[in-house]
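Got your viewer open? Let's take a walk through this one together, stop by stop.

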Amino acid sequence: MTQWLFPPRPTPSLPITGSDLRFPVRRILCVGQNYAAHAREMGSDPDKQTPFFFSKPGDAIVSDGANPAYPSATANLHYEAELVAAIGEGGRIVGWAVGCDLTRRDLQAEAKKTGRPWDAAKGFDQSAPCGSVTLGDLPSPAGAIALTVNGETKQSGALDDMILNPDRIVEAAGKLWTLAPGDLIFTGTPSGVGPVVRGDAVVVTIDGLETLAFEVA
Ligand code: MN
């Protein structure tokens with residue numbers, strides 16, 4: 001029997017809609033600039049840039065209605081509303097959730113300027129609030145995706161505005177990694193990203209999926 005130096009951390013997980021089963025999270029891949037209007041607001045030309053990937057650690061997940069802490073070392077924490085694809089056996093999408101790709105925008109801008117990695121901008125502790133996983137086909141492939149802060153609509157888009165749809169994202173990711181059960185893919189955000197501060201109430205909705213709601217703690 002393995003003798004651990006210290007107890008292994010519990011596996012991060014998400015609830016599954018309408019079930020007592022949990023979805024065990026392995027790793028979080030994220031797609032950058034997958035909506036043309038968002039690529040433009042970030043200063044990129046969506047016609048010239050293929051969407052690309054970055055990642056967050058699996059334990060960046062914030063689930064079950066918990067509130068993410070405002071992170072250290074930033075003065076510009078941004079929300080990004082995202083459809084999340086949940087990967088099961090054979091690297092196939094088995095379910096869907098509503099997520100928020102929290103971003104230290106100031107550190108990301110600095111990383112872009114200096115050509116350095118995005119880890120500190122994207123992969124920090126509690127950077128991936130995520131709602132419950134709804135198993136099966138995406139209920140509304142051309143449905144609305146929206147985000148409000150303190151009741152005011154900040155992002156409002158449609159899932160079929162994605163440059164790479166979820167199937168093409170999985171195909172592209174599969175060329176770079178062996179997707180495995182428990183992987184989550186954040187599929188990018190529509191335009192309208194912006195800052196949140198402590199105490200802000202964020203609500204992210206996608207047609208047909210469980211709403212994600214949290215407060216920045
Ligand atoms: Mn994002």
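Here is the tour, from the whole chain down to single side chains.

**Before you click**

This is a predicted model, so local features need pLDDT of at least 70, side-chain atom pairs count only at pLDDT 80 or more, and totals for chains, interfaces and linings use all residues. Residues are numbered from 1 along each chain as its sequence is written, and side-chain values use heavy atoms, with hydrogens and water left out.

**Stop 1: the whole protein**

Show everything as a cartoon. You should find four helices and 17 strands; these are DSSP runs numbered from the N terminus, with helices being H or I of at least four residues and strands being E of at least two. The C-alpha atoms fill a box of roughly 55 × 35 × 35 Å along the principal axes. How does the radius of gyration fit a compact globule of 217 residues? Such a globule would be near 17 Å, and the protein has 16 Å, which agrees. That radius is taken over C-alpha atoms, and the globule rule is 2.2 Å times the number of residues to the power 0.38. Of the 217 residues, 50% count as buried. Buried means under 20% relative accessible area, exposed means over 50%, and partly exposed is in between (1.4 Å probe, protein chains only).

**Stop 2: the manganese ion**

Select the manganese ion, then E80, E82 and D101. These are its protein donors, through OE, OE and OD atoms, lying 2.0 to 2.1 Å from the ion. A donor here is an N, O or S atom within 2.8 Å of the metal (3.2 Å for Na, K and Ca); water is not among the atoms, so sites may look incomplete. Along the chain, the donors follow the spacing E-x1-E-x18-D. E82 sits in strand β7 (residues 81-87) and D101 in the loop between β8 and β9 (103-104), so this pair ties together parts 19 residues apart in sequence. Color by accessibility: E82 is buried at 0%, and D101 is also at 0% and buried.

**Stop 3: salt bridges around D101**

Keep D101 selected and add K56. Their side chains meet in a salt bridge (2.8 Å, N to O), a term that means a side-chain nitrogen of Lys or Arg within 4 Å of a carboxyl oxygen of Asp or Glu. K56 is in strand β4 (residues 52-57), so the pair links parts 45 residues apart in sequence. Now add K122, which forms a salt bridge with D101 too, at 2.9 Å between the closest N and O atoms. K122 belongs to helix α3 (residues 119-122), so here the parts tied together are 21 residues apart in sequence. Are K122 and D101 buried or exposed? Both are buried. Finally, add E80 and R105: with K56, D101 and K122, they are linked in a network of salt bridges.

**Stop 4: another salt bridge**

The structure holds nine salt bridges, so pick R22 and D64 next. Their side chains meet at 2.8 Å, N to O. R22 lies in strand β2 (residues 22-24) and D64 in the loop between β5 (61-62) and β6 (77-79), so the pair ties together parts 42 residues apart in sequence. R22 is partly exposed at 38%, and D64 is partly exposed at 47%.
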